[in-house]
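Here are some exercises to help you find your way around a new structure. Try each task on your own before reading its solution.

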Amino acid sequence: MNNDPVTTTHTLDAGAAVTTTTLVHPATAGREWWRSAVIYQVYPRSFADADGDGLGDLAGVTSRLGHLTRLGVDAVWLSPFYTSPQHDAGYDVADYRQVDPRFGTLTDADALLEKAHRLGLKVIVDLVPNHTSNEHAWFQAALAAAPGSPERERYVFREGRGEHGELAPTNWISVFGGPAWSRVTEADGSPGQWYLHLFDVTQPDLNWENEEVRLELESILRFWLDRGVDGFRVDVAHGLVKDQSFPDWGHRTDMVSGHDDEGGEDELGDVRTGGHADPGPSPYWDQPGVHEIYRRWRRVLESYDGDRCLVAEAWADGPEKIAAYTRPDEMHQAFNFDFLSTPWDAELLRESITGGLGAADAVGAPCTWVLSNHDVVRAASRLGLAKTGKGPNGIGADDPQPDAEQGLRRARAAALLMLALPGSAYLYQGEELGLPEHTTLPDELREDPAYVRTGRAEKGRDGCRVPLPWEADAPGFGFSPNGATWLPQPADWASYAVDTQKGVPGSTLETYRAALRLRRDYRLGTGSLAWVDGLDDCAQESVLAFTNREVLVVANLGATPVELSLGVELVHASGPLGQGTTGGLLVPTDTTVWVRPVQPERSEPAR
Ligand code: BGC
């Protein structure tokens, strides 16, 4: 397939001769729903609580699905709701085929699926194949069994180094901080082998060299496919296979971006990977062997009817490596975290968008776009920090606080930028309300294992996981019937509540709703992007301008307003606009507009 960008110079309207560079070739796009879907991430702990224990549940999600259909999304991705001791908020699964009683029952899961499908929403569930909980029956059996036993072979157990095996087998560092190995006590009470956990000590890594592990995970896929799910978001998809020579590699990997902005040593003495500087090949991230696993999974999915899909959460270096997970016989989508991690800077964003689209296009996959999720500081706060980009791992009361007004303005502008891009977009619950991070959570309430494992140096992810505000005047803002919430909500969240914003023109909720409707009407998800250069006097370094189908998108990231002198019809805007001195549309700082160029009426030729 020829994926060379096509550069043409043409006239966008009577006044402006512009250069456009078309990046995505619509011919490579298929018709499957996931190619252009807007997928809403539900974090079940914090979406809605039906039983009043303060923790969200599946019945709560089902009861609030109407919000999602009104919003206009195509699909829901549910973060884990399986049986779990919740040491990592459900990403520590003890039984992959059961719903944790805190979240409900399998009957509740079936009811959710049934109602979502009836409302026309697809449902994607989270699958955690890199590790289980230490409470999983397999790990308990492994602890009770002897070194070298088949039970231990399901995990990564190794003898320690040092005279008495007292040193960890390698110097690998957990993503949450601290060593990635823990030593067990054998049945006879003696200090024993070490097991690998790239995340928390309660999350032992599975051994993907073992065919039994592969078959078990495929059987779990089938279990949920049989129940009717439309796909899986695959957690830590790049981590399953480890270099079997187990070389040392003492770098701490940053969540989501896969690298650390600063590099150097952190408070724990853990060596950070350091920006894009190459810390040398990792022996456990993005090993070539992972791809064979997903080829097998693809075949499992294709044995089912409907367009079921796999979405990779993979932190790999550069868009091509990410796109490799979405080759035609592997997964269908991969999260493009580069976009999320890019600073609020027109040139850098353009580079990121171009790179992401080009790499996805080269393998015939849709590009994905995401601004927030349960692992990062919410966009409305991240973009209000002095230094934008992926942001810190959590914000505490003593840290510099985001500029809330600037953050929200930019988050809305970023959303309109994202939703105009071809491909599939992900929204994180509450983003449609403009919810900020809870930046002043009392430390004693924090649950993220990263908080404890970093010696409380990183605040962690709890601040983006606070229960949603539904009703301004209800206790707990209507999250639960009795006002209980597992984390406290900031007092000023009444202004963000769904019922405060519903039907209010210009509110963040209504801005998102209109964006999703217009995205659908103009078929932007399946369109092509063409960068527009030379538009009016817009300084390219502070303005992003592109067309997708007949819509011209202009995002002003610069310090001064930009006037669009060409004749345009306004389609949508992320915030209030003004009128320029020559009568054109004035796009203020940190604002995105969708417009349609209008051809000036031709005067009749003189006879
Ligand atoms: C999930 C995190 C989780 C980690 C370990 C991630 O990438 O999104 O929330 O802590 O995997 O399962």
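## Exercises with worked solutions

By class, the shell around the ligand holds 6 nonpolar, 3 polar and 7 charged residues; here Ala, Val, Leu, Ile, Met, Phe, Trp, Tyr, Cys and Pro count as nonpolar, Asp, Glu, Lys and Arg as charged, and the others, Gly among them, as polar. The model is predicted, and local features need pLDDT of at least 70, side-chain atom pairs count only at pLDDT 80 or more, while totals for chains, interfaces and linings use all residues. Residues are numbered from 1 along each chain as its sequence is written, and side-chain values use heavy atoms, with hydrogens and water left out.

### Exercise 1: the ligand

Task: find which residues are closest to the ligand, and which side chains have a polar atom by one of its oxygen atoms.

Solution.
- Step 1. Collect the residues near the ligand, meaning those with a heavy atom within 4 Å of it. There are 16 residues around the ligand, and the closest are Asp88, Asp235, Glu313, His374 and Asp375.
- Step 2. Look for polar contacts, which are pairs of N or O atoms within 3.5 Å; within protein, one must be able to donate a hydrogen and the other to accept it, and residues adjacent in sequence count only if both atoms are side-chain atoms. Asp235 places a polar side-chain atom 2.7 Å from an oxygen atom of the ligand. For His374, the distance from a polar side-chain atom to a ligand oxygen atom is 2.9 Å. Arg461 has a side-chain N or O atom 3.0 Å from an oxygen atom of the ligand.
- Step 3. Check how much of the ligand is covered. Taken alone it exposes 310 Å², and the protein buries 100% of that; accessible areas come from the Shrake-Rupley method with a 1.4 Å probe, and for residues only the protein chains shown count as cover.

### Exercise 2: the sheet of 8 strands

Task: trace the strand order of the open sheet of 8 strands and explain why S15 and S16 each have a side without a neighbour.

Solution.
- Step 1. Settle the terms. Helices (H or I, at least four residues) and strands (E, at least two) are DSSP runs, numbered from the N terminus, and two strands pair if DSSP finds at least two bridges between them.
- Step 2. Read off the order, S15-S14-S11-S7-S4-S3-S17-S16, with parallel pairing. Strands S15 (333-334) and S16 (368-370) stand at the edges with a single partner strand each, so one side of each has no neighbour in the sheet.
- Step 3. Follow S14 (residues 309-312). S14 is joined to S11 (residues 231-234) by 4 bridges, and Val234 has Ala312 as its bridge partner. Between S14 and S15 there are 2 bridges, with Ala312 partnered by Ala334.
- Step 4. Move on to S3 (residues 38-42), which 4 bridges join to S4 (residues 75-78); Val42 stands opposite Leu78. S3 also has 4 bridges to S17, where Ile39 stands opposite Tyr426. S16 and S17 are joined by 3 bridges, and Trp369 has Ala425 as its partner.

### Exercise 3: both faces of a strand

Task: are the residues of S17 (residues 424-428) buried or exposed?

Solution.
- Step 1. Apply the cut-offs: buried means under 20% relative accessible area, exposed over 50%, and partly exposed in between (1.4 Å probe, protein chains only). In S17, 5 of its 5 residues are buried.
- Step 2. Sort the side chains by direction. In a regular strand the side chains alternate between the two faces of the sheet. Ser424, Tyr426 and Tyr428 point one way from S17, and Ala425 and Leu427 the other way.
- Step 3. Compare S14, where Cys309 and Val311 on one side and Leu310 and Ala312 on the other are all buried.

### Exercise 4: residues in loops

Task: where do Phe246 and Ser133 lie?

Solution.
- Step 1. Phe246 is in the loop between S11 and S12 (251-252). Most residues other than glycine have a negative phi. Phe246 has a positive phi of about 45°, and with a relative accessible area of 13% it is buried.
- Step 2. Ser133 is in the loop between S7 (122-127) and helix H5 (137-144). Ser133 counts as buried because its relative accessibility is 0%.
- Step 3. Leaving aside neighbours within four places in sequence, Ser133 is in contact (heavy atoms within 4.5 Å) with residues including Pro85, Asp92 and Phe139.
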